[in-house]
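Hi,

Here is the structure I said I would pass on. Have a look at it first, and my notes follow underneath.

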Amino acid sequence: MAGLARSVAAAILLLSMTTFGFAANKVIIILDASGSMWAQIDGKPKLEIARESLRTVLQSVPGDDEIGFMAYGHRQKGSCADIELIVPPQARSRRPPTA
């Protein structure tokens, strides 16, 4: 399952980096936030593995890409309709690295 999280992270990175120089890319990150994400892999909750993968991916996404965030399964247990666009795609604001 950790391999799946890495594959998802790599796919998000690949999608976000396919630029043609015309305009910023629009990417929506979708997170399974259902109760099953608290199950563990090697003693670590799947949700934490997904968060770590997402942090890694976001560090390499170009700053002018428009990124949105969607989650499902986080408000109603067992509901396939529990899907929420939490942040619509928008340009990210980056803080410059601190020395």
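**What I found**

Let's start with one pair of residues: isoleucine 28 has glycine 68 as its bridge partner in β4. Keep in mind that this is a predicted model.

That pair belongs to a longer stretch. β1 and strand β4, which covers residues 66–72, run parallel to each other and are joined over seven bridges. As a reminder, strands in a sheet pair through backbone hydrogen bonds, in either a parallel or an antiparallel way.

Now for the sheet as a whole. It is open, made of three strands in the order β1-β4-β5, with mixed pairing. At the edges sit β1 (26–32) and β5 (83–91), each of them paired on one side only. If you ignore direction, neighbouring strands of this sheet are turned against each other by 15 degrees on average.

What packs on the sheet? Helix α2 does, using residues 46–59 and touching both β1 and β4. The direction of helix α2 makes about 165 degrees with that of β1.

Stepping back to the chain: you'll find two helices and five strands in it, and along the sequence they follow the pattern α-β-β-β-α-β-β.

A few overall numbers to finish:

- Of the 99 residues, 28% count as buried.
- The chain exposes about 7000 Å², and carbon and sulfur atoms supply 60% of that.
- Taking contacts between residues at least 6 apart in sequence, 55% join residues at least 24 apart.

Cheers

Terms used. Residues are numbered from 1 along each chain as its sequence is written. This is a predicted model: local features need pLDDT of at least 70, side-chain atom pairs count only at pLDDT 80 or more; totals for chains, interfaces and linings use all residues. Side-chain values use heavy atoms; hydrogens and water are left out. Two strands pair if DSSP finds at least two bridges between them. Helices (H or I, at least four residues) and strands (E, at least two) are DSSP runs, numbered from the N terminus. Axes are lines fitted to C-alpha atoms, for helices over the stretch in contact, and angles run from 0 to 180 degrees between N-to-C directions. Contact means heavy atoms within 4.5 Å. Buried means under 20% relative accessible area, exposed over 50%, partly exposed in between (1.4 Å probe, protein chains only). Accessible areas come from the Shrake-Rupley method with a 1.4 Å probe; for residues, only the protein chains shown count as cover.
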